[in-house]
Amino acid sequence: MYENILLATDGSVASKNATSHAIGLADLHDAMLHVLFVVDSDVYSAYSGDEYVDEREGPEHGLEEVGEEALAAVRKRAADRGVEVLEELRHGRPHEEIVEYADEEGVDLIVLGTRRHPEEYRSLLGSVTDRVVRLADEPVTVVKTEVE
């Protein structure tokens, strides 16, 4: 049923739960697991300082390191299950990059994690997951995680 599954991760707890789901599906369907981390350009373009942050040169580099760590964690978990992985780190607006990647690579399913927040929170801030669900042509599976 699925040949190519896209897992978009941000390394959060919600993404870890989505990772388990995506790896399980890829294993079940003998599918290629595409793993995408998007360095949010809105975050680092809003940063006006040029001082070092956590011994890195600005937030862009720190976010890239977080992305590399998140991709490596998924790669290890997938390897433990014998699932083949293609990894990609991109820069841009996360929802746009996720939808664009899915279209470019012809994925059959997008898997995303989300945290359950109160309605007021979502209406003020929105979410990457909500935007992907609305914009993607592909089916989207959302794995929900409770916020403590």
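Student: How many Å² does the protein chain expose, and what share do carbon and sulfur atoms supply?
Tutor: About 8600 Å² is exposed. Carbon and sulfur atoms supply 47% of that area. Keep in mind that this is a predicted model.

Student: What percentage of the residues count as buried?
Tutor: 41% of the 148 residues in the protein chain.

Student: How many helices and strands?
Tutor: The chain has 6 helices and 5 strands. Along the sequence the pattern reads β-α-β-α-α-β-α-β-α-α-β.

Student: Take contacts between residues at least 6 apart in sequence. What percentage join residues at least 24 apart?
Tutor: 78% of them.

Student: Got a single pair that shows it? Where does Glu-146 sit?
Tutor: Glu-146 is in strand β5, residues 140-146. Its C-alpha is 9.6 Å from that of Val-13. Those two residues are 133 apart along the chain.

Student: Is Glu-146 buried or exposed?
Tutor: Glu-146 is exposed, because its relative accessible area is 56% and the cut-off for exposed is over 50%.

Student: Now the core. How many residues are in the largest nonpolar one?
Tutor: The largest nonpolar core has 22 residues. Ile-5, Leu-7, Leu-33, Val-35 and Val-111 have the most contacts inside it.

Student: Which elements give two or more residues to this core?
Tutor: β1 (4-8), α1, β2 (32-40), α3 and β4 (109-116) do. Helix α1 gives the most, with 5 residues.

Student: Why would nonpolar side chains be buried together?
Tutor: That is a tendency of soluble globular proteins in general.

Student: What does Val-111 touch, beyond four places in sequence?
Tutor: Its contacts include Ile-5, Leu-6, Leu-7 and Ala-8. Ala-18, His-21, Ala-22 and Leu-25 are also among them. So are Thr-141 and Val-143.

Student: How many residues are in the other core?
Tutor: There are 13 in that core, which lies apart from the largest one. Leu-6, Ile-98, Leu-112 and Val-132 are among its members.

Student: Leu-6 again. What stands opposite Leu-6 in β2?
Tutor: His-34 does. Strands β1 and β2 pair in the parallel sense, over 5 bridges.

Student: How many residues of β2 are buried?
Tutor: 8 of the 9, so the strand is mostly covered.

Student: Back to α1. Is Thr-19 buried or exposed?
Tutor: Thr-19 is in helix α1, residues 13-29. It counts as buried because its relative accessibility is 2%, and the cut-off for buried is under 20%.

Student: What is Thr-19 in contact with, neighbours within four places aside?
Tutor: Leu-7, Val-74 and Arg-77.

Student: Switching to charges. How many salt bridges in the whole structure?
Tutor: The search finds 8. One of them joins the side chains of Asp-80 and Lys-76, at 3.4 Å from N to O.

Student: Why are Asp-80 and Lys-76 about one helical turn apart?
Tutor: Because they are 4 residues apart in helix α3, residues 58-80. In general, an α-helix has 3.6 residues a turn, so residues three or four places apart point the same way.

Student: And are those two buried or exposed?
Tutor: Asp-80 and Lys-76 are both exposed.

Student: What about Glu-97 and Arg-90, buried or exposed?
Tutor: Both Glu-97 and Arg-90 are buried. They form a salt bridge too, with the closest N and O atoms 3.3 Å apart.

Student: What does Glu-96 form a salt bridge with?
Tutor: Its partner is Arg-93, and the closest N and O atoms are 3.4 Å apart. Glu-96 counts as partly exposed at 39% relative accessibility. Arg-93 is partly exposed as well, at 35%.

Student: Which residues do salt bridges with shared partners join into one network?
Tutor: Glu-88, Arg-90, Glu-97, Glu-100 and Glu-104.

Student: How many residues does helix α4 have, and how far does it reach?
Tutor: Helix α4, residues 94-105, has 12 residues. It reaches 16 Å from first C-alpha to last, close to the 16 Å expected at 1.5 Å a residue.

Student: Which of its residues are buried?
Tutor: In α4, the buried residues are Pro-94, His-95, Glu-97, Ile-98, Val-99, Tyr-101 and Ala-102.

Student: And what follows α4?
Tutor: Gly-106, with a positive phi near 60°.

Methods
Residues are numbered from 1 along each chain as its sequence is written. This is a predicted model: local features need pLDDT of at least 70, side-chain atom pairs count only at pLDDT 80 or more; totals for chains, interfaces and linings use all residues. Side-chain values use heavy atoms; hydrogens and water are left out. Buried means under 20% relative accessible area, exposed over 50%, partly exposed in between (1.4 Å probe, protein chains only). Contact means heavy atoms within 4.5 Å. Accessible areas come from the Shrake-Rupley method with a 1.4 Å probe; for residues, only the protein chains shown count as cover. A salt bridge is a side-chain nitrogen of Lys or Arg within 4 Å of a carboxyl oxygen of Asp or Glu. The expected span of a helix is 1.5 Å times one less than its number of residues. A nonpolar core is a set of buried Ala, Val, Leu, Ile, Met, Phe, Trp, Tyr and Cys residues joined through side-chain atoms within 4.5 Å. Two strands pair if DSSP finds at least two bridges between them.
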